[in-house]
Amino acid sequence: MAPSIALRHAIGLWALILAGGPVVAGEVSATGGALGLGTAVNGQLGGSCGLGLCQVGGGTAAGRNLFHRFSAFDTRGGITGVNFSTGGAQNVFVGVTSPLGSFIDKLVSFSSPGNLFWLSPGGIAISGAGGFANIQQLNLSTATGWRVGNGVFDAAGTTAGQAALLSGAPVSGLAGAVNDPATLAALGIQKNGDLSIAGGLLTVDQGLLLDAQGGNVLLQAARLQAKGGSVEIQGQSVRQDAPIESSGTSGGSVTINAAGALTNGAPIQANGSSAGGTINLQAGTSLTSSSAITATGTGPMAKGGTIELTAPSVTLAAAQVDASGAGGGGVIRVGGGVQGSPLSLGGANAINTMVDSSSSLKADTTQAGNGGQVVVWAERATLVDGAISARGGPAGGDGGFVETSGREQLAVSRAPDASAPLGKGGTWLLDPNNLTVNASGPDSNVSGFPNATTTGDSAVIAASTINAALNAGTSVSLATSAGGAQAGDITVSAPISKTAGGAASLSLSAHNNINLNANISSLAGALNLNLVANSDNVGGGSVQRQTSGTFIDLNGGNLNLAGNGDFTLIDDFRNLRFDKSGTGSYLAPFFVRLTGVTIGTDMTFSNEVGIVNDLLLANGVTVNKEANIWRFGTTGLRTLGLAPGATSATVISSGGFILAGQGVIGQTLTIGPGVTLQSSGAGTTQLRDSTASTIINNGTIASTTGGTWSILPAGFINNGAVTANNGTVSISSTSWSNGSTGVFNVGPSGTLNLGGTFTNANPGASNRTGGSVFIPGTFDLAGATLDVGSAGLFGSGGLTQLSGTLLGGTLINTDTTPVLTSGLGTLNGMTIGSNVGINGTLRIANDLLLTNGVTVNKGANNWNFVTTGVRTLGLAPGASSATVSSSGGAIFAGSGVSGQTLTIGPGVTLQSSGAGTTTLTNSSAAPIINNGTIASTTGGTWSITPTSFHQRRHRNTRCFSGLHARYR
């Protein structure tokens, strides 16, 4: 018999089944003797059965386990079925030692529900009416043994005494199978036999395991069911031409693992009313699918399940893979995970993956919910001609995620569908090495799939392919890998233009550089542009624009710098928001034009910036303009302001200028509330206009860290804050005003220069904690009173110096030591209404009047009367006396002008003091008429030397001590 047995085993079950081998008389024989386990057949210990219904009893019990061993198990011929009396055991182990294996073409049943572990190293063949009844978990294996608790039941060698000790729980799944070469040798078997199922219906209540160890699995003209349970198949090679179903409430699971080739030629279903199930097909050499593989969620809220297919070579030829769900799309991964990450259900990533034009992969939502995930990946080359979709639900939900990637080569002939009728479009990620966006296809430089032959190291995708997806509301993601001979660049050499549909995103991720050499724009819906350069953080990489005259117009979308690489800005950016979620930076060493732009991240501009329409800043953003020029160039009301929802932002400037009305007429530039213009360093920044424009400050103009702001437009209105603290702010507008909400803040080491022409209403409120306030301009008091001391308009320390003009009002100083410091300042038509000392040279235009009882100490300084006509140093209306005290210097009549006559009014006393000499004189032959008193009664000397001097109060002029007069 041995040669016959060896010959038949060499032929194998595959050959016997496929050739329709001869039918032999059946035999079910229990093993007796020393290796018997107490199994009885038809009531006879170690007995056998060849006709009718074979009754199996006895066996060796251990806890909830029952063990049997058969020297032959072949139901062909006159046997009508086999019934096992389980004695209430939960787990029944059957070992078949025949080198020919087990042949089952009749029903095998249990007397009570239980789990069956069938070990037949010679092989297992199920055909015809073969099947199992009352089985919860069916494990058919060609392994030599099974792990039970801490021990192993060996199909051929475990004795009854040893079996009686195996009371532990059997290890479930493939992990329980043990294959011992010594057992195979003892049985006269060189390798494990095959496992075939041909015809019939194989149904279990919970789980089905088909394990051929080193043999092959052939599923042909049969149907396998484990509704809501699990089906697990393992073999050297697996050909699945029989439908497999684990569908139920939860969808169940189907796992097929072939060490060699796996062919899926019949449907696999793991659908569930509460959720789709799990399907996992893995092969060691190749996986070919040409049937339907579904893990759908069929209930109203059910989501699709998970389907993973992988082998070194994966081919989908007319395969229909579906993980859709009513309440949300599921997951399909073919060849690998996202961007080549490991598969969640195990198995190595594919080397080559092909999806032909007759295949489809769907992870859609069929009712309401978000689309799912579809990934097609290969470590070398990916070819996708089939239809892929991850659609959002027709009743609501966003589109899902689709990736079609080849680490070295990629060819995609049509865009996937990740649209969403009532939500946001999903994302499409492509991940080749070096990728170029061209004006036209083909979208491939590989050929000859499934055995691909490359025609170059680059991948190509047509801009039209991207545009079609964006127009459908599907987001597109393009990524590179450095796995080939190139660096991993993305080059956009043809315009990408979104012309239809809702909002979508375009993401470019390159291991090295992103070269934007063509326009990227949207005319319909916002387009969000995400840029990731130097994605591997190795060897550098940046975003570059190498073609001049190009623009990016996102129609209200965000431009997000998401990676490690920098983005060097040049040319035009329109209708977008600059954002940054990565570690790279925006660099602007060249001229940049911003049209309708929001700056959403800290940025530095190292060259000129042209600004069209408004420039908005996001919350907390700091923009450094350095010492460059910003030119606002649009008519109408324009804003340097905050983006919606923002509360504060800062622009830092170390020089240059911000120019309103560049080349246009009729612009008003507003600095928005919450915006701070901050000077820095030692330079001066000019806030100015080009064409008589007005600048309105509703924010803050601050010089608190050094530097100077010089405010120079034709018109300036401050409704916000002007702050000088450790820096200088100078206002020199032709006309300016401080609104009802405007305030000047002056702090330590700060200087505020009020230039131009302004009125008593213009300065508004002030907050002075130190520093200096200068008036180099003209302050028209319009008859009002100005307190130049600490209690007045200028706060603590008062007016530091007058180098400009106080016009048409009354000057007072209520300080304990009242002083007005003049740096060649001018009092024009002014009245002095309190005691005050004048330090420095003072110019007096028109008259200078003094209120009653006032004493003005001019010190040893010069007073120059500079206006033609009859001018008076006199009393204010209603006053009777006032005094000017002088310890030196001069009072000049007609200083720099001709035709002046200076009159010292009645009641005014010019009083010398100290030891100095004060000269009362003229220039340009201006006469002086004294109608008051010129006195030297407390020391000092008056030297009266005008060309003409008239003393009208006395007929004769008397000389008192200290008074020298020359008269005619």
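This is a tour of a predicted model, taken by selecting residues and strands in turn.

**Strand β29**

Start with β29, residues 286-289. Its side chains alternate between two faces. L287 and S289 point to one face and are buried, whereas S286 and T288 point to the other and are not buried.

Keep L287 selected and add β26, residues 261-264. β26 and β29 run parallel and are joined by four bridges, with L262 as the bridge partner of L287. Now add β32, residues 313-316. Four bridges join β32 to β29, again in parallel, and in β32 the bridge partner of L287 is V314.

**The eight-stranded sheet**

Next, select the strands of an open sheet in the order β18-β21-β24-β27-β30-β33-β36-β39. The sheet has eight strands and its pairing is parallel. Go to its edges, β18 (201-203) and β39 (387-389). Each edge strand has a single partner, so one side of each is left without a neighbour in the sheet.

Within the sheet, pick β30 (residues 292-294) and β33 (residues 320-322). These two run parallel and are joined by three bridges. I293 stands opposite V321 of β33.

**Nonpolar cores**

Select W118, F132, L559, F567 and F578. They belong to the largest nonpolar core, which has 201 residues, and they touch the most other members. In soluble globular proteins, nonpolar side chains tend to be buried together.

Centre the view on F132. What is F132 in contact with, leaving aside its neighbours within four places in sequence? The contacts are I104, L107, V108, L116, W118, I126, L138, L140, L202 and T203. Another core, of 16 residues, lies apart from the largest one; L37, F67, F117 and A163 are among its members.

**The largest cavity**

The structure holds two cavities of 30 Å³ or more. The largest has a volume of about 70 Å³. To find it, select F744, L752, S766, L793 and F794, which are the closest to its centre of the 11 residues that line it.

Then show β75 (743-746), β76 (751-754) and β78 (765-768), each of which supplies at least two residues of this lining. Which strand gives the most to the lining of the largest cavity? It is β78, with three residues. Colour the lining by class to finish: eight residues are nonpolar, two are polar and one is charged.

Terms used
Residues are numbered from 1 along each chain as its sequence is written. This is a predicted model: local features need pLDDT of at least 70, side-chain atom pairs count only at pLDDT 80 or more; totals for chains, interfaces and linings use all residues. Side-chain values use heavy atoms; hydrogens and water are left out. A nonpolar core is a set of buried Ala, Val, Leu, Ile, Met, Phe, Trp, Tyr and Cys residues joined through side-chain atoms within 4.5 Å. Buried means under 20% relative accessible area, exposed over 50%, partly exposed in between (1.4 Å probe, protein chains only). Contact means heavy atoms within 4.5 Å. Two strands pair if DSSP finds at least two bridges between them. On a 1 Å grid over the protein atoms alone, a cavity is a set of points where a 1.4 Å probe fits but cannot get out, and a pocket is an open set with protein on both sides within 12 Å along at least five of seven lines; lining residues have an atom within 4 Å of a point. Grid points are joined across faces, edges and corners, and a volume is the space filled by probe spheres set on the points. Ala, Val, Leu, Ile, Met, Phe, Trp, Tyr, Cys and Pro count as nonpolar, Asp, Glu, Lys and Arg as charged, and the others, Gly among them, as polar.
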